[in-house]
Structures are given as structure tokens and as C-alpha cells.
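Subject: Structure for you to look at

Hello,

Here is the structure I said I would pass on. Please open it beside this message and follow along.

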Amino acid sequence: MFTSIAGRAVVVTGGTRGIGKGIAAVFAGAGARVLVTGRDEAAAKAAAAETGAAGYVVADVASKADCARVAEAAAERLGGLDVLCANAGIFPEAPLADLAEEDIDRVLAVNVKGTILSVQACLPLLKASGHGRVILTSSITGPVTGYPGWTHYGASKAGQLGFMRTAAIELARDGITVNAILPGNIMTEGLATLGEDYISGMTAAIPMRRLGTVAEIGHTALFLATDEAGYITGQTIVVDGGQVLPESPDAVS
Ligand code: NAP
């Protein structure tokens with residue numbers, strides 16, 4: 001049995017939909033006090049009510065000022081911060097040949113810079129907690145696999161892991177761990193926009209023959225937040241129903 005995390009203060013960036021909302025619901029269900037963030041206020045308000053979160057902050061992770069406001073809100077409304085789930089991310093599709101400079105900049109700004117700025121803003125609070133946890137949502141795409149249309153996205157998700165490894169070393173002395181979850185294909189609002197053909201193609205490639213749920217990512221994050229996971233840092237956990245395992249399509253037929 002793990003030590004309870006009831007009462008812990010948690011921020012989930014991009015917690016207003018999809019995986020982040022699932023993470024928020026799992027933490028709130030375990031008795032943690034959660035703030036969710038996102039850019040759309042109506043979605044944020046609805047997500048906070050639906051997940052049982054303590055509240056929400058409208059903020060863009062690509063903005064240093066917004067990240068500072070999120071940390072201020074955690075200090076004021078939660079009295080500090082024990083766990084930061086740096087989850088906000090975007091995955092617009094474009095083949096390399098057609099990739100516009102603005103597409104590259106936006107994906108890197110949200111997925112990489114947004115991760116760094118979110119963690120940086122929360123450092124004093126995480127240090128003060130004495131057992132700070134940073135949990136990144138990376139992906140199998142980039143760190144482990146590739147998929148046409150996502151060169152920039154794959155680079156951003158691998159970039160998060162480069163950040164994680166040095167941050168884990170720098171923050172270890174403050175008792176802060178930094179780890180990353182690498183989801184496979186998880187059924188979310190964002191993934192649904194990719195269409196039925198994408199979803200059925202992925203389902204066929206997954207040994208477990210189904211997409212993952214947001215709760216399955218939430219429970220992985222919850223484990224990384226426990227006291228018992230306190231000696232794990234700078235590591236990745238793939239949560240993908242076995243998707244990265246087959247050597248060929250025959251292996252899952
Ligand atoms: P989603 O359903 O589109 O939700 C994305 C969330 O991030 C929303 O809450 C969104 O709210 C927020 N967000 C987007 N841009 C933001 C910004 N600039 N600042 C603050 N919040 C922002 O996506 P998802 O499928 O749950 O993906 C969440 C994370 O998991 C991403 O990092 C993604 O790369 C990763 N991931 C997903 C899958 C999958 O299969 N779904 C697989 C691997 C990795 P607003 O739009 O209101 O800001």
C-alpha cells in the first residue's frame with residue numbers, strides 16, 4: 001500500500017481536456033488539491049468542476065508571465081506545491097516538406113519551452129515542499145517511434161527528455177524528482193481530431209487492441225507522485241498497451 005497523497009498540492013498544465021483532465025481527476029479522486037490550467041476559460045471552469053479540482057488558472061505555458069501566475073496561484077490558493085504535472089502540449093500534423101516555420105516555432109514553444117517555463121516557475125514552491133515531483137507528459141512519438149507528419153512534434157517530445165535528464169540532476173539536491181510518462185495512443189479530444197482512420201490504424205497496431213484511457217496515464221502519474229517513488233528520477237515510463245514492441249505488423253496480426 002502506498003502512502004496517501006491526500007491533501008498534496010498539485011498543478012496540471014493542460015488539465016482542461018484529455019490526458020491532463022484525466023490526471024487531474026485521478027489526483028483529485030485520491031484527495032489531492034488540484035489546479036488545472038489551459039487557455040480556454042470555459043473549458044477550464046468545466047474541467048475543474050468535473051474532475052473535483054480545487055480550481056483553475058487560465059494560462060498559456062508558452063508565456064513566462066503566465067507560468068509565473070500559475071505558480072502564484074498555487075502559492076495563494078493551495079499554500080504551496082508538491083506536484084507539477086507539465087502536460088500541456090499540441091500535436092498539429094504537417095509533412096516535413098510543407099512544414100511552415102511558424103508551425104515549428106509554435107510546437108517547440110508550447111511543448112518544449114512551455115515545459116521548461118512551467119517547471120522553472122514552480123521551482124521555489126517544489127523545493128519548499130521538501131518532496132517536489134515533476135511529471136512530464138512526453139510521448140512514444142519522438143523518443144521511441146516516428147510517424148509521418150510529426151517531425152516537429154517528435155523533436156519536441158524527445159526535447160522534453162533532454163530537459164528532464166539535466167533538470168533531474170540539478171534538482172536532486174532539493175529533493176525534487178523529474179520523470180516523464182511516454183503515452184502511446186490515448187483516447188482524448190485532441191486525438192479524436194485525427195479521425196477514424198487514424199484511430200482504427202493505431203488500434204490494429206497495438207497488441208492490447210485498444211487505445212489507452214486518460215485514467216491509465218493519471219494512475220501512472222499518481223505512482224510517480226507517491227513517497228514510495230521518491231528514489232526514481234530522470235526516468236521514463238512507456239504506457240502504450242505494448243505498441244512499441246512488435247517488430248512487424250505480423251507480430252500483432
Ligand atoms: P488535448 O486533448 O488536445 O488537450 C490538450 C490540453 O493542453 C488542453 O487542456 C489544452 O487546453 C492544453 N493546452 C494546449 N496548448 C496549451 C498552451 N499553450 N498552454 C496551456 N495549455 C495548453 O491533448 P491530449 O491528447 O490530452 O495531449 C496532452 C499531452 O499528452 C500532450 O503533451 C501530448 O503531446 C501528450 N500525448 C498525447 C497522446 C495521445 O494519444 N493523446 C500521446 C502521447 C502524448 P487549451 O487548448 O484550452 O489551452
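Below are notes on how some helices pack and on the spaces in the protein. Please keep in mind that this is a predicted model.

Helix packing

Start with α1, residues 18-29. Helix α8 covers residues 214-225, and the axes of α1 and α8 lie 7 Å apart at an angle of about 55°. An angle that is neither under 35 degrees, nor over 145, nor from 65 to 115 counts as oblique, so α1 is oblique to α8. The crossing of these two helices is right-handed.

On the α1 side, the residues in this contact are G18, I19, G22, I23, V26 and F27. They meet V214, A215, I217, G218, H219, A221, L222 and A225 of α8. By class, the residues of this contact are 10 nonpolar and 4 polar, with no charged ones.

α1 also packs against helix α2, which spans residues 41-51. Here the axes come within 9 Å and cross at roughly 35°. This crossing, too, is right-handed. α1 contributes K21, A24, A25 and A28, while α2 contributes A47, E50 and T51. The contact of α1 with α2 has 4 nonpolar residues, 1 polar residue and 2 charged residues.

The largest pocket

The volume of the largest pocket is about 900 Å³. It has 46 lining residues, and those closest to the pocket centre are G89, I90, F91, Y153 and T188. Which elements give two or more residues to the lining? They are α1, β2 (33-38), α4 (101-129), α5 (151-172), α6 (189-192) and α7 (196-205). So you will meet α1 again here, as one of the elements on that list. Sorted by class, the pocket lining holds 20 nonpolar, 19 polar and 7 charged residues.

The cavity

How many cavities of 30 Å³ or more are there? The count is 1. The largest cavity has a volume of about 70 Å³. To find it, select T13, T37, A59, D60, V61, D66, C67, V70, S118, A121 and C122, which line it. Two elements, α3 (64-78) and α4, each give two or more residues to this lining. α4 is also on the list for the largest pocket. In the cavity lining, 6 residues are nonpolar, 3 are polar and 2 are charged.

Regards

Note on methods. Residues are numbered from 1 along each chain as its sequence is written. This is a predicted model: local features need pLDDT of at least 70, side-chain atom pairs count only at pLDDT 80 or more; totals for chains, interfaces and linings use all residues. Side-chain values use heavy atoms; hydrogens and water are left out. On a 1 Å grid over the protein atoms alone, a cavity is a set of points where a 1.4 Å probe fits but cannot get out, and a pocket is an open set with protein on both sides within 12 Å along at least five of seven lines; lining residues have an atom within 4 Å of a point. Grid points are joined across faces, edges and corners, and a volume is the space filled by probe spheres set on the points. Helices (H or I, at least four residues) and strands (E, at least two) are DSSP runs, numbered from the N terminus. Ala, Val, Leu, Ile, Met, Phe, Trp, Tyr, Cys and Pro count as nonpolar, Asp, Glu, Lys and Arg as charged, and the others, Gly among them, as polar. Axes are lines fitted to C-alpha atoms, for helices over the stretch in contact, and angles run from 0 to 180 degrees between N-to-C directions. A crossing is left-handed if the near helix is turned anticlockwise from the far one by less than a right angle, and right-handed if clockwise. Contact means heavy atoms within 4.5 Å.
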